[in-house]
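Reader: I have the sequence and the fold open side by side, and I would like to go through them with you. Could you take my questions as they come?

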Amino acid sequence: MSNPTVTQSSVCYHCGDKLPAVKLNYDEKDFCCVGCQSVYQILSENNMCNYYAYNDTPGQRIKDDGHFEYLDEPTIIAQLINYKDKDNSIVTFYIPAIHCSSCIWLLEHLYKINPAIFSSRIDFLKREVTISYKHDKVSLRQVVEVLNQIGYEPLISLQDVVKEKGNSVNKQLIWKIAIAGFCMGNVMLFSFPEYFGLSALEKQFQDLFAWLNLAFCIPVTFYCAKEYFTSAYASLKQKYINLDTPLALIIAVLFIRTAISTIFNDGPGFGDTLTGLVFLLLMGKWVKQRTYHHISFDRDYRSYFPIAITTLKDNREKPVAISEIVVGDRLLIRNGELVPADAILMKGDAWLDMSFVTGEAEPQQKVLGEIVYAGGRQMGEAIELEVVKPASQSYLTGLWNKEFYKTDFKKRNFNDSIAKYFSIGVFVVAFVSTGYWLWMGDNAKAWSAFTAVVIVACPCVLALSTPFTLSAILSVFDKKGFYVKNTDAVEQLADLDTVVFDKTGTLTSTHHSEITFEGNLTPGEKLLVASLLYNSSHPLSRQVLKALNPSKIYSIAKYNEVVGKGIMGVVNGRMIYAGSKRGLPFEIAAAQDKENGGVHIMIDEVYKGCFSVEQQWREGIEPLISHLNEDYDLKVLSGDTNKDEPQLKKIFKPSTSMLFNQSPVQKLDEIKALQARNKKVMMLGDGLNDAGALKQANFGIAITDNINNFTPGCDAIMSGSSLGLLPNFIQLSKDGLTTIKISFAIATSYNLIGVYYAVQGTLYPLVAAILMPISTITIISFTSLATRYFARKNGLRS
């Protein structure tokens, strides 16, 4: 029960605002308003007071002016929601109040406040939260009310506020830089007499300036540098040393040393060093954020996947780039293809696999007129959709990076593996040098040595060089039609020893092939077969359909596609089968030529013949294989028959292992078997039959030409025309790691030289603070120039 009491002025336990004369008291804590007290009560009742452990007074002052009745309107809900099925909904909000680690912790624990909210993920830079909830147990309005109750009211607009706010200036960081810069300038001004040895002439001013310098150090330490302390404290609670820990320690030491020197009047202290260090660190953080925003912008808006979406205009099919889809376009989505934009189902029977969005694998049926959300994969016959929202490239990128598509074979990157030891090494050197000078009886040199060592060996260079280099490589890859998932995948690409190829659609081209038919089909039966093939996205189906060139297409019923075997369905009342010999009845398959691959046709359980497809090898495939043979173990896993084995033997080394008639499960098992022998495997497939193997491989590449076979389970998507550049891509990733290691060596040499003077106590801490950003600029310049050089060297940049 709250009791208003009159007390002296202090700050609110929740938001940190100054308390009014009449304050509220609850649980022996003071609050400025009913809103802040209510938030604390909610968190306390749900055992979530750890919110206050990460930051002091982390909350925002609550304004109880939320009116959310409009969120009960179905039309408004439909415009705000990202995804909805019979059980689940997903929505993304921009929340301006997100500002610290406590915010992240609380918003990712919303399920403790309302169990119907089963997932919430934060994008801190964009101040964006994505919430998944059970809409039959909690409404969108109630979700927003929960956020409002705990002080995180979303900014709701039917415009794309997230993109508008994503590039907004971090005002709090700007304020901190301004305050740190103001304090640093004044401290430097008051320290001029010390610099020129004039302080002894005016003793009374020396003491005054020392106290003024200490006063300026207080806001710099406790406001501007606060995040370094909270970050270090949180990491130590988790028994982990992060890159902010040594920085927090040195800021604390500088402040304590300055306070002691001022109070006991035994020297000028380190006010200039402290304020200068924090100012330079904050400037470095601002530069880093701007760099990351630039990288994010490149990846979100320039990295267009090589997917051609089939649109229908005037009853004619036309492939259109995903970036060119507009509201009102009519899309044709075949079996296995991904829906690229929110749309209305206009024709066909839609069974959608939404596992890319929700993680749940059970297909969902949609009826005519129902909305179909981007990210669903059609599991039945071809359907027609009308676009109601533009295609979102960044949304598909988000699907691609879903956590449940990661395998157990991904290793820690170079940055993660070395950062821990780097920080520990800095601490050891700093404490040893300090201990030595204390033992020698020179306290001044001990403090100076400790301060200079920690500053000059700042690990921020390491933290920035790796993502900057790898992101530059991603940019080069993008422009050459090779779309790699993220920077960690670039490191994985550089560490492989085995390359496994699928044949159809990978080694062979889906554009040009010679089609012949052995058997007997009437013109009417050809139309039936063409109508069945029309619904499939498999490369062979597309090639045979192109050869048949039907004048019209019949509707289909009971369509079914068995991956690795074939397709079937009822057309004009007749059951049609088209596919491999494995899908035929045993007695019919046994009567066929064992060497005969291609597309077998059966109508009403009567075998009609086979389309033989003589595929052409991709241009440049022989020099590609010859190049890869020098450094990698190669293997071919094909779902087709071995009719092309003699030609493959001419391209690959005679000793190359080749397995044919492989089902998707057999391909997956073969990848697992290679990994069990400690092989690091790259798998190249067409993303249809090879989805499991691509996901399992250490690095999976989906090769695509003009069909929508985007596969979130893979690590990269490659345009078929870029396959010949694969060795160049691999070499550039290796050169990128070399660049990172060289930059680390440069940074280490900087540090060793600086530490050499620092441990002797001859390197003034402020000089070390100035050298730190200079070394950062040097490293960034080096990585940028080195990446450009290696890109040109590997023929990936003009």
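Author: What follows is a walk through the chain, a few helices, two single residues and the nonpolar cores.

Reader: Before the details, what kind of model is this, and how many helices and strands does the chain have?
Author: It is a predicted model, and the chain in it has 27 helices and 29 strands. Buried residues account for 52% of the 798 residues. Among contacts between residues at least 6 apart in sequence, 67% join residues that are at least 24 apart.

Reader: Let me start with α22, then; which of its residues are buried?
Author: Helix α22 covers residues 621-629, and its buried residues are Ile 621, Leu 624, Ile 625, Leu 628 and Asn 629. They lie on the same side of α22, because the arc they cover around the axis is only 130°. On the other side of the helix, Glu 622 and Pro 623 are exposed.

Reader: Why would residues three or four places apart point the same way?
Author: An α-helix has 3.6 residues a turn, so residues at that spacing point the same way.

Reader: And what do the buried residues of α22 pack against?
Author: They pack against the strands β18 (498-501), β24 (606-617) and β25 (633-637), and also against the helices α18 (503-507), α23 (645-651) and α26 (726-758).

Reader: Staying with α26 for a moment, at what angle do the axes of α22 and α26 cross, and which residues meet?
Author: The two axes cross at roughly 35° and come within 9 Å. Leu 624, His 627 and Leu 628 of α22 meet Leu 726, Pro 727 and Ile 730 of α26. Sorted by class, this contact has 5 nonpolar residues, 1 polar residue and no charged residues.

Reader: Asn 751 caught my eye in α26; is that residue buried or exposed?
Author: Asn 751, which is in helix α26, counts as buried, because its relative accessibility is 10% and the cut-off for buried is under 20%. Its C-alpha atom is 8.5 Å from that of Val 453, although the two residues are 298 residues apart along the chain.

Reader: Changing topic, where is Thr 275, and what does its side chain reach?
Author: Thr 275 is in helix α11, residues 271-301, and it is buried, with a relative accessible area of 0%. Its side chain reaches the backbone oxygen of Gly 271 at 2.9 Å, and a polar atom of that side chain also lies 3.3 Å from the backbone oxygen of Asp 272.

Reader: Which residues does Thr 275 touch further along the chain?
Author: Leaving out residues up to four places away in sequence, Thr 275 touches Ala 180, Cys 183, Met 184, Val 187, Cys 217 and Val 220. For Val 220, which is 55 residues away along the chain, the C-alpha separation from Thr 275 is 6.4 Å.

Reader: How many residues are in the largest nonpolar core?
Author: The largest nonpolar core has 65 residues, and those with the most contacts inside it include Phe 93, Ile 131 and Tyr 152. Apart from that core lies another one of 45 residues, among them Leu 474, Ile 625, Phe 652 and Leu 726.

Reader: One last helix: how many residues of α19 are buried, and what covers them?
Author: In α19, residues 523-533, 8 of the 11 residues are buried, so the helix is largely enclosed by the rest of the structure. The buried ones include Glu 525, Ser 531 and Leu 533, and among the elements that cover them are α20 (539-548), β20 (556-562) and β24.

Terms used. Residues are numbered from 1 along each chain as its sequence is written. This is a predicted model: local features need pLDDT of at least 70, side-chain atom pairs count only at pLDDT 80 or more; totals for chains, interfaces and linings use all residues. Side-chain values use heavy atoms; hydrogens and water are left out. Buried means under 20% relative accessible area, exposed over 50%, partly exposed in between (1.4 Å probe, protein chains only). Helices (H or I, at least four residues) and strands (E, at least two) are DSSP runs, numbered from the N terminus. The arc is that of the directions from the helix axis to the C-beta atoms. Contact means heavy atoms within 4.5 Å. A polar contact is a pair of N or O atoms within 3.5 Å; within protein, one must be able to donate a hydrogen and the other to accept it, and residues adjacent in sequence count only if both atoms are side-chain atoms. Axes are lines fitted to C-alpha atoms, for helices over the stretch in contact, and angles run from 0 to 180 degrees between N-to-C directions. Ala, Val, Leu, Ile, Met, Phe, Trp, Tyr, Cys and Pro count as nonpolar, Asp, Glu, Lys and Arg as charged, and the others, Gly among them, as polar. A nonpolar core is a set of buried Ala, Val, Leu, Ile, Met, Phe, Trp, Tyr and Cys residues joined through side-chain atoms within 4.5 Å.
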